[in-house]
Amino acid sequence: MSKPTALSIGIQRGGLEIKQFMRQRESVVFTMLFPLILLAIFGSVFSDSIAEGVTFSQYFVAGMVASGLVNTGFQQLAIMIPVERDFGTLKRLRGTPMPASSYFIGKAILVTVSMLIQVILLLAAGVAFFGVDLPASANKWFTLFALVVLGSACSTILGIAFSNVPKSGRGASAVVSPVVIILQFFSGVFFIFTSLPAWMQQVAAIFPLKWMTQGMRSVFLPDSFAAREVAGNWETTRTFAIIGAWLIVGLIWAMRSFKWERS
Amino acid sequence: MSTVISVSGLQKSYGTNRAVAGVDLEIRQGEIFALLGPNGAGKTTTVEILEGFRHRDGGTVSVLGFDPATRGGAAQSWRDRIGIVLQSTHDAGDLTVLESVTHFAGYYTNPKNPREVLDLVGLSDKADSLGRTLSGGQRRRLDVALGIIGSPELIFLDEPTTGFDPEARRAFWGLIRKLRDEGATILLTTHYLDEAEALADRVAVINHGKIIEVSTPANLGGRATALATVSWREGGLLRTQETDSPTKFIAELSARFQGEIPELSAKRPSLEDIYLRMIGSEHE
């Protein structure tokens with residue numbers, strides 16, 4: 001028989017990860033419905049338009065998709081992997097011929113697939129109940145898709161890398177969640193980014209969430225809004241470059257620091 | 001017979017604690033080899049170095065002709081040939097037994113048939129149960145199934161029957177012998193001396209990071225030639241006598257009693273007696 005490859009095992013692991021995820025009903029509900037609930041709350045509280053024909057929901061949907069990337073990838077994995085470490089899942093895998101990269105690929109598949117489902121649900125609910133307009137051109141749809149895929153990969157690998165920070169599965173949520181929430185506030189997920197203090201904007205610009213959110217605004221807002229961005233345009237190239245750079249940083253960080261056992 | 005595991009001068013320290021202080025071992029193809037020792041004796045550290053989970057500080061190690069400290073693609077080919085059954089794990093609760101075993105089969109070049117493996121470990125009727133619904137003993141058998149699915153030439157078994165009832169242990173021993181008879185080499189660590197006695201072709205006793213003795217269970221610590229203890233009741237008192245010729249001694253007793261000797265027993269030291277004596281003497 002032939003030797004399985006890292007990619008073929010990774011794809012099998014992706015299927016297995018999705019199966020396990022779907023069987024944990026609470027986490028499915030939390031991951032898939034939480035953005036919808038937030039959209040419902042914000043959409044009801046801020047029912048005004050922020051400009052002619054653009055509701056706050058429209059602005060907020062961009063933030064929700066972007067922060068979905070962080071929640072589904074970074075936050076979920078940085079909490080889930082320490083638990084797998086505590087349970088001996090990782091040590092057992094370490095003792096098999098499975099390459100480490102297959103494990104990473106499996107996680108990336110889990111995150112990307114749940115992200116795509118989440119976006120579909122969010123857009124469907126947004127259109128049905130909150131008057132959200134879908135991306136206006138094929139170009140914008142493509143940007144959306146590319147951002148979701150690249151953003152999922154980036155968020156996955158940073159979650160894997162950060163999973164070494166919590167000391168145990170039990171404490172992981174307390175370590176990871178504040179990081180995510182602060183990042184969301186700084187990055188203009190809940191507020192209009194340019195109305196944040198300048199220092200906050202500058203701090204946020206170091207991290208990928210700000211760029212994911214800005215990228216999503218370029219997808220969901222009319223092009224006339226580009227002028228309201230810090231740079232006066234969408235900075236699409238820079239957006240992809242920075243997310244890609246974080247992907248590489250995360251890859252190096254994860255490869256170097258990943259632990260299969262709780263030390 | 002060829003050598004499967006060869007260790008010489010193995011050293012490993014944690015800070016100032018010398019967990020492994022010069023271990024030498026030769027394990028031959030097709031044998032069940034038990035490593036015995038109290039907690040903290042260096043047993044787990046030694047085995048984890050052989051499994052490639054830990055780095056050593058010194059000495060040479062060869063497992064299936066390969067240095068377990070090597071990383072990368074060669075290590076993956078090596079892992080293709082070994083099976084590891086770790087101490088208690090609680091993973092894969094949301095997968096069925098068959099899903100887990102089938103998935104792990106996908107990691108190996110030459111896997112066994114998942115259903116046949118479930119038959120072998122006696123989990124066929126649990127094939128469609130979720131991992132989290134299994135009892136402790138069933139869980140352990142799943143661990144073994146995952147450890148042997150890749151048709152390993154060498155199997156590491158760490159405390160395999162902890163938490164088993166006596167019947168399940170007997171069944172499990174049968175399974176281990178079967179794997180050996182199919183040609184696998186097995187390195188077993190256990191706290192149960194009766195398990196080592198029932199299963200092992202050879203045992204090694206480790207304490208304070210050193211191997212004290214390697215022998216067959218019957219000969220360990222001079223057990224085969226050790227004094228036997230004869231006990232009986234005489235004049236209302238329980239009497240005992242240590243002797244190197246129990247048959248002769250009992251014949252004499254029998255002559256004296258003119259028939260049945262009250263509460264007669266004669267016993268050789270058990271493996272456990274010998275083991276405790278060895279560990280105890282090392283403590284001084």
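## Reading pockets, a cavity and helices

Student: Let's start with the second largest pocket. How much space lies in the second largest pocket?

Tutor: About 340 Å³. Keep in mind that this is a predicted model. Once you have a volume, look at who sits around it. The second largest pocket has 17 lining residues, and A:K259, A:W260, A:E261, B:F53 and B:R54 are the closest to its centre.

Student: Which elements each supply at least two residues of that lining?

Tutor: From chain A, α4 and α10 (236-257), and from chain B, β1 (3-14). Then check the chemistry: the lining of the second largest pocket splits into 9 charged, 4 polar and 4 nonpolar residues.

Student: Now the largest pocket. What is its volume?

Tutor: The largest pocket holds about 1,100 Å³ of space. Its lining runs to 46 residues, with A:Q24, A:S27, A:Q76, A:I79 and A:M80 nearest the centre. Two or more lining residues come from each of α1 (6-22), α2 (25-45), α3 (56-87), α4 (89-94), α5 (100-129) and α7 (169-186) of chain A, and from α3 (97-105) of chain B.

Student: Which element gives the most to that lining?

Tutor: α3(A), with 12 residues. By class, the lining of the largest pocket has 20 nonpolar, 18 polar and 8 charged residues.

Student: And the enclosed spaces? How many cavities of 30 Å³ or more does the structure hold?

Tutor: The idea with a cavity is that a probe fits inside but cannot get out. Here the structure holds 1 cavity of 30 Å³ or more, and the largest cavity has about 80 Å³ of space. Among its 13 lining residues, A:R92, A:G95, A:T96, B:I84 and B:G147 lie nearest the centre.

Student: Where does the cavity lining come from, element by element?

Tutor: At least two residues each come from α4 of chain A and from β5 (82-85) and α5 (136-148) of chain B. Of the elements, α5(B) gives the most, with 3 residues. The lining of the largest cavity is made up of 6 nonpolar, 4 polar and 3 charged residues.

Student: Let's move to helices. What end-to-end span should helix α1(A) have?

Tutor: The general idea is to count 1.5 Å a residue and set the result beside the distance between the end C-alpha atoms. With 17 residues, α1(A) should span 24 Å, and its end C-alpha atoms are 24 Å apart, so the two agree. Try it on α5(A) as well: this helix has 30 residues and reaches 43 Å from first C-alpha to last, close to the 44 Å expected.

Student: Which residues of α1(A) are buried?

Tutor: The buried set is A:I9, A:G10, A:R13, A:G14, A:L16, A:E17, A:I18, A:Q20 and A:F21. Next, ask what those residues pack against: in chain A the partners are α2, α3, α4 and α5, and in chain B there is α3.

Student: Take one residue in α5(A), say A:Q118. Is A:Q118 buried or exposed?

Tutor: The cut-off for buried is under 20% relative accessible area. A:Q118 has a relative accessible area of 5%, so it counts as buried. Leaving out residues up to four places away in sequence, A:Q118 touches A:T31, A:M32, A:P35, A:G68 and A:T72.

Student: What follows α5(A)?

Tutor: A:G131, which has a positive phi near 60 degrees. Look for a similar cue past helix α8(B): just after that helix, B:Q258 takes a positive phi of about 55 degrees.

Student: How do the buried residues of α8(B) sit around the helix axis?

Tutor: List the buried residues, then look down the axis. In α8(B) they are B:P246, B:F249 and B:L253. Their directions fall within an arc of 65 degrees, so they line one face of the helix. On the other side, B:T247, B:K248 and B:A255 are exposed. The buried residues pack against β10 (228-234) and β11 (237-243) of chain B.

Student: Last one: how many helices and strands does chain B have?

Tutor: Chain B has 9 helices and 12 strands. Its C-alpha atoms fill a box of roughly 70 × 45 × 35 Å along the principal axes. Out of 284 residues in chain B, 50% count as buried. For contacts, check the sequence separation: among those in chain B with a separation of 6 or more, 65% are between residues 24 or more positions apart.

Note on methods
Residues are numbered from 1 along each chain as its sequence is written. Chains are lettered from A and ligands numbered from 1 in the order in which they are written. This is a predicted model: local features need pLDDT of at least 70, side-chain atom pairs count only at pLDDT 80 or more; totals for chains, interfaces and linings use all residues. Side-chain values use heavy atoms; hydrogens and water are left out. Buried means under 20% relative accessible area, exposed over 50%, partly exposed in between (1.4 Å probe, protein chains only). Helices (H or I, at least four residues) and strands (E, at least two) are DSSP runs, numbered from the N terminus. The arc is that of the directions from the helix axis to the C-beta atoms. Contact means heavy atoms within 4.5 Å. On a 1 Å grid over the protein atoms alone, a cavity is a set of points where a 1.4 Å probe fits but cannot get out, and a pocket is an open set with protein on both sides within 12 Å along at least five of seven lines; lining residues have an atom within 4 Å of a point. Grid points are joined across faces, edges and corners, and a volume is the space filled by probe spheres set on the points. Ala, Val, Leu, Ile, Met, Phe, Trp, Tyr, Cys and Pro count as nonpolar, Asp, Glu, Lys and Arg as charged, and the others, Gly among them, as polar. The expected span of a helix is 1.5 Å times one less than its number of residues.
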